[in-house]
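This report is a guided reading for someone who is meeting the structure for the first time. Please keep the sequence and the model in view while reading.

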Amino acid sequence: MKKILIALSITLCFACNKKEEPTIDYAVISGKITNKNGVVTINSFDRTFSEPLDVAADGSFTDTLSTDKNSYVIFDGTNPVFIYVEPGYNVNVNYDAKDFENTITFSGEGAVVNSYLLAKNKNEKALLGNRYDAYLLDEADFKAKFQTIKKSSDSLLNTFENIPDDFKALEKRDLNYNYLARLSEYERYHQYVTKNQSFKASDDFLKELEGLDYLNEDDYFFSENYKVLVTSHFREEADKLAKQDSIEIDIAFLKTLSDIPNEKLKNNLLFVFANNSMSYTKDIDAFYTLYSENSTNEKNNAIIKKRYDKLAGLSKGKPSPEFVDYRNHAGGTTSLEELKGKYVYIDVWATWCGPCIKEIPSLKKVEEDYHDKNIQFVSVSIDKEKDFEKWKNMVNEKELGGIQLFADNDWSSKFVKDYEIQGIPRFILIDPEGNIVDANAPRPSNPALTDLFKALNI
């Protein structure tokens, strides 16, 4: 973000020559994190931006943030600090990492807004309780709970003085969007927590969403809850298109987004989806072509082009990225190079990952079925170093088979970055020569995996 300062200096020079006020399109964040432990990152809330935050030995930091996004998260490995910024904000945040809840404070320009948001989040967490339990509720009780949260947050907003009127107006709409967004996800989450996949919400459960405008530019760039609603709406449209035209859902989603008349919304939705999902597509060229033909934001396009060029190198038949000397649960170290001569099916996982744990029974079954075949099963944990013993214990307790390895630097491991892994579990299949068969191989629970193995005569 330091580049912003250079651009600012140039802007100021020209502004002085023209005797005009400079355009401010950035915010400054600073503060001090006491008892920090590990790398601190600054991330956009939509996950399209992340980089290390330069924190001095005493925990102090200063940085600039582009205000093309309003919502950021400072993360020290344990505590997330949600930051809202607007052009000209100069927000100072201080806290003790060992006593986060009781010590975090904001000061400076923008402090009142961020203090309100902090108070709102604490209040909502207290009223919500266990989120898992909330989705166990029946429809009426679920609605009542979130109506109570909405009303309480609205009252809290009114107690904060000096909050700008334009922010307050947007925030009041966001409180309603939060309520509507929770309703929109109730059916699928209720199915999950009750393990009742046949559950369907009543016909009028989502009646309050009827007539919602999904093209409100101001609300979209302010409210993450409104983004949830907008994205969900266009995903439903994409589902219809995918079934109608018998095409992959990611291609259908890109086609659906491409028809949005509001250019700013269209560009942002295309970018967020491409940035987060392009590594999972089955046809990288078709995906990128469709994106690039419809996005007109040059800054976004440069980022996606860079990702495309990297992902294109992970296509079938290309040499696989390597990992070297990963610690082996059985003792010693193992490198990918040592496994040549057999197919290698790699499971990238972590002990904290629920969907990863859910795949374990299926993975053990596949390993059992193919234990005498020309294939090695390798599980690579990207747990943090502090959880090394937790990983060792889980491998023992769940009697995990195959080759169990511990990555050298969790999410920042070169192997993870080279494969553009942004979510786990992730499965990769490599041929006996060390070339990629599928950088996004089917999960063990998916019958398509054994179909793939049969097609390869494994």
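Is Lys386 buried or exposed? Lys386 is exposed, because its relative accessible area is 61% and the cut-off for that class is over 50%. The model discussed here is predicted, and the sections below take up its salt bridges, rings, a strand residue and a pocket.

## A bridge between neighbours

Lys386 forms a salt bridge with Asp387, and the closest N and O atoms of the two are 3.4 Å apart. While Lys386 is exposed, Asp387 counts as buried, with a relative accessibility of 16%, which is placed in that class because buried means under 20%.

## Other salt bridges

The structure holds 23 salt bridges. One of them joins the side chains of Lys264 and Glu217, with a distance of 3.5 Å from N to O. Because Lys264 belongs to helix H10 (residues 263-277) and Glu217 to helix H7 (residues 217-222), this pair ties together parts that are 47 residues apart in sequence. Both partners fall in the middle class of accessibility: Lys264 is partly exposed at 47%, and Glu217 is partly exposed at 28%.

A salt bridge within a single helix is found between Glu237 and Lys240, whose side chains meet at 3.4 Å, N to O. Both residues lie in helix H8 (residues 224-245), where they are three residues apart, about one turn of the helix. Glu237 is partly exposed, with a relative accessible area of 32%, whereas Lys240 counts as exposed at 53%. Elsewhere, salt bridges link Lys120, Glu171 and Asp174 into a network.

## Aromatic pairs

A pair of aromatic rings is described by how far apart the centres are and by the angle of the planes. The count for this structure comes to 32 aromatic pairs. In one of them, the rings of Tyr116 and Phe167 have centres 6.4 Å apart and planes at 85°, so the pair is edge-to-face, given that an angle over 60 degrees counts as such. The pair links distant parts of the chain, since Tyr116 is in helix H3 (residues 111-128) and Phe167 is in helix H6 (residues 165-194), 51 residues apart. Tyr116 counts as buried at 0% relative accessibility, and Phe167 is buried as well, with a relative accessible area of 2%.

The rings of Tyr345 and Phe453 also form an edge-to-face pair, because their planes stand at 90°, with the centres 5.9 Å apart. Tyr345 lies in strand E11 (residues 343-349) and Phe453 in helix H16 (residues 448-455), so here the pair ties together parts that are 108 residues apart in sequence. Tyr345 and Phe453 are both buried.

## A ring cluster and charges over rings

Ring pairs also build a cluster, which is made up of Tyr135, Phe142, Phe146, Tyr186, Tyr189, Phe199 and Phe205. Over the ring of Tyr189, a member of this cluster, sits the charged end of Arg188, at 5.1 Å from the ring centre. In another such arrangement, Arg235 lies over the face of Phe253, 4.6 Å from the centre of the ring.

## The surroundings of Ile375

Ile375 has its place in strand E12 (residues 375-381) and is buried, with a relative accessible area of 5%. When residues up to four places away in sequence are not counted, Ile375 touches Lys342, Tyr343, Val344, Tyr345, Tyr370, Leu429, Phe453 and Ile458. Tyr345 and Phe453, which appear among these contacts, are the two partners of the edge-to-face pair described above. In addition, Ile375 and Gly341 are 34 residues apart in sequence, while their C-alpha atoms are 8.8 Å apart in space.

## The second largest pocket

How much space lies in the second largest pocket? The space amounts to about 360 Å³. The lining of this pocket consists of 17 residues, and those that lie nearest its centre are Ser184, Leu206, Leu209, Ser232 and Glu236. At least two residues of the lining come from each of H6 and H8, and the largest share, five residues, is supplied by H6. H6 is also the helix that holds Phe167 of the ring pair with Tyr116, and H8 is the helix in which Glu237 and Lys240 lie.

How values were computed:
Residues are numbered from 1 along each chain as its sequence is written. This is a predicted model: local features need pLDDT of at least 70, side-chain atom pairs count only at pLDDT 80 or more; totals for chains, interfaces and linings use all residues. Side-chain values use heavy atoms; hydrogens and water are left out. Rings of Phe, Tyr and Trp (its six-membered ring) pair if their centres lie within 6.5 Å; planes under 30 degrees apart count as stacked, over 60 as edge-to-face and the rest as tilted. Helices (H or I, at least four residues) and strands (E, at least two) are DSSP runs, numbered from the N terminus. Buried means under 20% relative accessible area, exposed over 50%, partly exposed in between (1.4 Å probe, protein chains only). A charge sits over a ring if NZ of Lys or CZ of Arg is within 6 Å of the ring centre and within 35 degrees of the ring normal. A salt bridge is a side-chain nitrogen of Lys or Arg within 4 Å of a carboxyl oxygen of Asp or Glu. Contact means heavy atoms within 4.5 Å. On a 1 Å grid over the protein atoms alone, a cavity is a set of points where a 1.4 Å probe fits but cannot get out, and a pocket is an open set with protein on both sides within 12 Å along at least five of seven lines; lining residues have an atom within 4 Å of a point. Grid points are joined across faces, edges and corners, and a volume is the space filled by probe spheres set on the points.
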